[in-house]
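Reader: I am new to this structure and would like a close look at one part of it, namely its largest pocket, together with whatever helps me place that part in the chain. Please go slowly and connect the pieces as you go.

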Amino acid sequence: MNESAVPTLIHVVLVEPEIPQNTGTIGRVCAATHSVLHLVGKLGFSTDDKYLKRAQLDYWPHIRVEYHDTLDQALSPADPERVFYFSAKAERSYTSASFREGDYLVFGKESVGLPPELVQANREQTFAIPIFGPVRSINLSNAVSVILYEALRQMGRT
């Protein structure tokens, strides 16, 4: 099947990702799920970085990746009600979100997550993955996978 003819199921948006291995792994899961990867702002690495290449293996040519200077630019085609933000500081679990095809899933950088003002301004659309152990967050690539596959499950794609 022609990859350009494959419908986009989900848009995964990474705001200023810092760790190339995470971005490579997220890119790989995007390729596996017909999702678009949006990279926003200043990246903490070069997309030519050897660690990014190692994490993505030979999948990078199959990853639909878009680069944006700002989050507003990345989200400009999105219906604001179909944009979901994820933060360890959110009050509601991701399991209370209702996902559908074409949604945008927004994740912050590994060290600090999304800016607090963004989370506050979008409280009704911001969700967390519950954490029960003595850690403050889970790895970004794991978080994206959990949310992305929950969205696909809700769409009947798993």
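Author: A pocket, in the sense used here, is an open set of points on a 1 Å grid over the protein atoms alone, with protein on both sides within 12 Å along at least five of seven lines. Please keep in mind throughout that this is a predicted model. With that said, the largest pocket holds about 720 Å³ of space, and 33 residues line it. Those that lie nearest its centre are Phe-86, Ser-87, Ala-88, Lys-89 and Gly-113. By character, the lining is made up of 16 nonpolar residues, nine polar ones and eight charged ones. Among the elements that contribute to this lining, helix α4 (116-121), strand β7 (126-128) and helix α5 (140-154) each provide at least two residues.

To place these elements, it helps to turn to the sheet, in which seven strands are arranged in the order β3-β2-β1-β6-β4-β7-β5, with parallel pairing, and which is open. Because β3 (64-68) and β5 are the edge strands and each has a single partner, one side of each is left without a neighbour in the sheet. Strand β7, already met in the pocket lining, sits between β4 and β5 in that order. Further along the sheet, strand β1 (residues 10-15) runs parallel to strand β2 (residues 36-40), and five bridges join the two; in one of these pairings, Val-15 has Val-40 of β2 as its bridge partner. Strand β2 also contains His-38, whose relative accessible area of 1% is under 20%, so His-38 counts as buried. The side chain of His-38 makes a polar contact of 2.8 Å with the side chain of His-11.

The charged side chains then tie together parts of the chain around these elements. Side chains of opposite charge can pair when their charged atoms come close, and a search of the whole structure finds five salt bridges, of which three are followed here.

In one of them, the side chains of Asp-103 and Arg-82 meet at 2.8 Å, N to O. This pair links distant parts of the chain, since Asp-103 belongs to strand β6 (residues 103-107) while Arg-82 lies in the loop between α3 (71-75) and β4 (83-86), and the two are 21 residues apart. Asp-103 is buried, with a relative accessible area of 0%, and Arg-82 is buried as well, with a value of 15%.

Another salt bridge, between Glu-91 and Arg-123, has its closest N and O atoms 3.9 Å apart. Here too distant parts of the chain are linked, with Glu-91 in the loop between β4 and β5 (92-93), Arg-123 in the loop between α4 and β7, and their positions 32 residues apart in the numbering. Glu-91 is exposed, at 70% relative accessible area, whereas Arg-123, at 41%, counts as partly exposed.

A further salt bridge brings us back to α5, one of the elements that supply the pocket lining: the side chains of Arg-153 and Glu-150 meet at 2.8 Å, N to O. Because these two are three residues apart in helix α5, they are separated by about one helical turn. Arg-153 is partly exposed, with a relative accessible area of 48%, while Glu-150, at 13%, counts as buried.

Conventions. Residues numbered from 1 in each chain as written. Predicted model: local features only at pLDDT ≥ 70, side-chain atom pairs only at ≥ 80, totals over all residues. Heavy atoms only, no water. 1 Å grid on protein atoms, 1.4 Å probe; cavity = no way out; pocket = protein on both sides within 12 Å on 5 of 7 lines; lining within 4 Å. Points joined across faces, edges and corners; volume = space filled by probe spheres on them. Helix = DSSP H or I, 4+ residues; strand = E, 2+ residues; numbered from the N terminus. Nonpolar A, V, L, I, M, F, W, Y, C, P; charged D, E, K, R; others polar. Salt bridge = Lys/Arg side-chain N within 4 Å of Asp/Glu carboxyl O. Buried < 20%, exposed > 50% of the residue type's maximum accessible area, 1.4 Å probe, protein only. Pairing = 2+ DSSP bridges. Polar contact = N/O pair within 3.5 Å; in protein donor to acceptor, adjacent residues only side chain to side chain.
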